[in-house]
Amino acid sequence: MPKHIVQIYTDGSCLKNPGPGGWAALMRYNAHEKMFSGGKVETTNNQMELQAVISGLSALTTGCDVEIYSDSKYVIDGFTKWMDGWKIKGWKKSDKKPVLNQKLWKALDKTANGHNITWHWVKGHSGHAENERVDQLARLEAEKIKDIHGIK
């Protein structure tokens with residue numbers, strides 16, 4: 001039985017690093033689209049990039065073939081090149097130091113389970129329509145957090 005094919009476009013934004021940040025994910029299945037977004041008062045760009053992917057995958061209710069489009073080599077390389085080694089080493093890097101953003105990486109590992117994921121790197125701010133949409137929404141979320149909390 002063929003799986004559903006879903007495209008997820010993601011981006012994260014941080015106004016200061018660390019500082020107020022936002023994330024956004026656009027999920028597309030056939031002609032249907034759904035946007036997800038959120039933010040956090042004190043975060044980093046990498047954390048928001050991870051949260052965008054986690055949130056997009058968390059919205060799926062059944063195992064799918066998923067194409068994830070991201071401008072974050074950190075997230076893509078972390079998932080495709082580094083995560084298996086981190087898990088074998090007890091979530092430690094090759095220098096024996098703990099993996100940064102470990103809670104988010106573990107959440108991504110869990111939400112990815114049951115899906116067949118193909119990763120696509122998209123150059124940020126290059127006119128890619130969907131990447132521009134999620135970038136804009138992630139920035140708006142970060143600005144909203146900044147304004148709500150009166151952060152300068």
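This short talk presents the interior, the largest pocket and a few backbone details of one protein structure. Please keep in mind throughout that the model is predicted.

Let me begin with the interior. In soluble globular proteins, nonpolar side chains tend to be buried together. Here the largest nonpolar core holds 28 residues. Those that touch the most other members are Ile8, Leu57, Leu60, Val66, Ile68, Trp105 and Leu108. Which elements give two or more residues to this core? On the strand side they are β1 (4-14), β2 (19-29), β4 (64-70) and β5 (116-121), and on the helix side α1 (45-58), α2 (73-88) and α3 (102-112). The element that gives the most is α1, with 6 residues.

Val66 may serve as a guide to this region. If we set aside neighbours within four places in sequence, Val66 is in contact with Val6 and Ile8, with Leu57 and Leu60, and with the run His115, Asn116, Ile117 and Thr118. Apart from the largest core lies another one, of 7 residues, including Tyr9, Tyr69, Val134 and Ala138.

I turn now to two residues in helices. The first topic is Gly78, which lies in helix α2. Is Gly78 buried or exposed? Its relative accessible area is 0%, so Gly78 is buried. What does Gly78 touch, not counting residues up to four places away in sequence? The list is Lys73, Met83, Trp86 and Trp105. The last of these deserves a closer look: Gly78 and Trp105 are 27 residues apart along the chain, yet their C-alpha atoms are separated by 8.4 Å. Trp105 was also named among the residues that touch the most other members of the largest core.

The other residue is Thr111, in helix α3. Why does Thr111 count as buried? Its relative accessibility is 18%, and buried means under 20%, so Thr111 falls on the buried side of the cut-off. A polar atom of the Thr111 side chain lies 3.2 Å from the backbone oxygen of Leu108. Leaving aside neighbours within four places in sequence, Thr111 is in contact with Ile54, Leu57 and Ser58.

Next, the open space. Rolling a probe the size of a water molecule over the atoms shows where empty space is left. The largest pocket has a volume of about 180 Å³. Its lining consists of 13 residues, and nearest the centre lie Val6, Met27, Tyr29, Ala59 and Leu60. Strands β1, β2 and β3 (32-43) are the elements that give two or more residues to this lining. By class, the lining has 6 nonpolar, 4 polar and 3 charged residues. Leu60 therefore appears both among the residues nearest the pocket centre and in the largest nonpolar core.

Finally, some backbone details. Most residues other than glycine have a negative phi, and most peptide bonds are trans. Against that background, the peptide bond from Asn17 to Pro18 is cis, with omega near 10 degrees. Pro18 has its place in the loop between β1 and β2.

Two asparagines have a positive phi. For Asn30, in the loop between β2 and β3, phi is near 55 degrees. For Asn101, in the loop between α2 and α3, phi is near 60 degrees. Are these two asparagines buried or exposed? Asn30 is exposed, with a relative accessible area of 60%, whereas Asn101 is buried, at 19%.

Definitions and conventions
Residues numbered from 1 in each chain as written. Predicted model: local features only at pLDDT ≥ 70, side-chain atom pairs only at ≥ 80, totals over all residues. Heavy atoms only, no water. Core = buried A, V, L, I, M, F, W, Y, C linked by side-chain atoms within 4.5 Å. Buried < 20%, exposed > 50% of the residue type's maximum accessible area, 1.4 Å probe, protein only. Helix = DSSP H or I, 4+ residues; strand = E, 2+ residues; numbered from the N terminus. Contact = heavy atoms within 4.5 Å. Polar contact = N/O pair within 3.5 Å; in protein donor to acceptor, adjacent residues only side chain to side chain. 1 Å grid on protein atoms, 1.4 Å probe; cavity = no way out; pocket = protein on both sides within 12 Å on 5 of 7 lines; lining within 4 Å. Points joined across faces, edges and corners; volume = space filled by probe spheres on them. Nonpolar A, V, L, I, M, F, W, Y, C, P; charged D, E, K, R; others polar.
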